[in-house]
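Welcome, and please open the model in your viewer. We will go from stop to stop, selecting a few residues each time and looking at what is there.

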Amino acid sequence: MTEPNKSPKKPKEPKDLPFEAQMQRLEEIVEILDDGETALDEMLALYDEGMKRSQYCREYLEKAEQKVTLIQSQK
């Protein structure tokens, strides 16, 4: 019996997904990269996608932190 195909889904642009979906996709990417059964070209593409999504999430969290700081300063 063969394992289910773990090839990556066609990625959406980071701005097209909510934060939670970004994190889920990052977890999928890590899982695929960790399995060690992915071709090098595909791994490189996944790494690139993961870095872009990671950057998006980092910026999102920074903005959220700024909002919290602003809200706290107004009270």
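Start by selecting Lys52, which is partly exposed at 49% relative accessibility (buried means under 20% relative accessible area, exposed over 50%, partly exposed in between, with a 1.4 Å probe and protein chains only). Before moving on, note that this is a predicted model, in which local features need pLDDT of at least 70 and side-chain atom pairs count only at pLDDT 80 or more, while totals for chains, interfaces and linings use all residues. Residues are numbered from 1 along each chain as its sequence is written, and side-chain values use heavy atoms, with hydrogens and water left out.

**Stop 1: charged pairs**

Add Asp48 to your selection: its side chain meets that of Lys52 in a salt bridge, 3.3 Å from N to O (a side-chain nitrogen of Lys or Arg within 4 Å of a carboxyl oxygen of Asp or Glu). Both residues lie in helix α2, 4 residues apart, about one turn of the helix (helices are DSSP runs of H or I with at least four residues, strands runs of E with at least two, numbered from the N terminus). Asp48 is partly exposed, with a relative accessible area of 38%.

How many salt bridges does the structure hold? There are 4. For another one, select Arg25 and Glu49, whose closest N and O atoms are 2.8 Å apart. Arg25 belongs to helix α1 and Glu49 to helix α2, so this pair ties together parts that are 24 residues apart in sequence. Arg25 is buried at 7% relative accessibility, and Glu49 is buried as well, at 10%.

Keep Glu49 selected and add Arg53: these two form a salt bridge with closest N and O atoms 2.8 Å apart. Salt bridges that share partners join Arg25, Glu28, Glu49 and Arg53 into one network. Arg53 counts as buried, with a relative accessibility of 1%.

**Stop 2: along α1**

Now select α1, residues 19-35. This helix has 17 residues and reaches 25 Å from its first C-alpha to its last, close to the 24 Å expected at 1.5 Å a residue (the expected span being 1.5 Å times one less than the number of residues). Which residues of α1 are buried? They are Phe19, Gln22, Arg25, Leu26, Ile29 and Ile32. Looking down the axis of α1, you will find these buried residues within an arc of 140 degrees, so they line one face of the helix (the arc is that of the directions from the helix axis to the C-beta atoms). Turn to the face pointing away from the buried side, and you meet the exposed residues Glu20, Glu27, Glu31 and Asp34.

**Stop 3: aromatic rings**

Next, select Phe19 and Tyr60. Their ring centres are 5.0 Å apart and their planes are at 15 degrees, so the pair is stacked (rings of Phe, Tyr and Trp, with its six-membered ring, pair if their centres lie within 6.5 Å; planes under 30 degrees apart count as stacked, over 60 as edge-to-face and the rest as tilted). Phe19 sits in helix α1 and Tyr60 in helix α2, 41 residues apart. Add Tyr56 to see a cluster linked by ring pairs: Phe19, Tyr56 and Tyr60.

**Stop 4: the loop**

Finish at Thr38, in the loop between α1 and α2. Is Thr38 buried or exposed? Thr38 is buried, with a relative accessible area of 14%. Its contacts (heavy atoms within 4.5 Å) include Ile32, Met43 and Leu46, not counting residues up to four places away in sequence.
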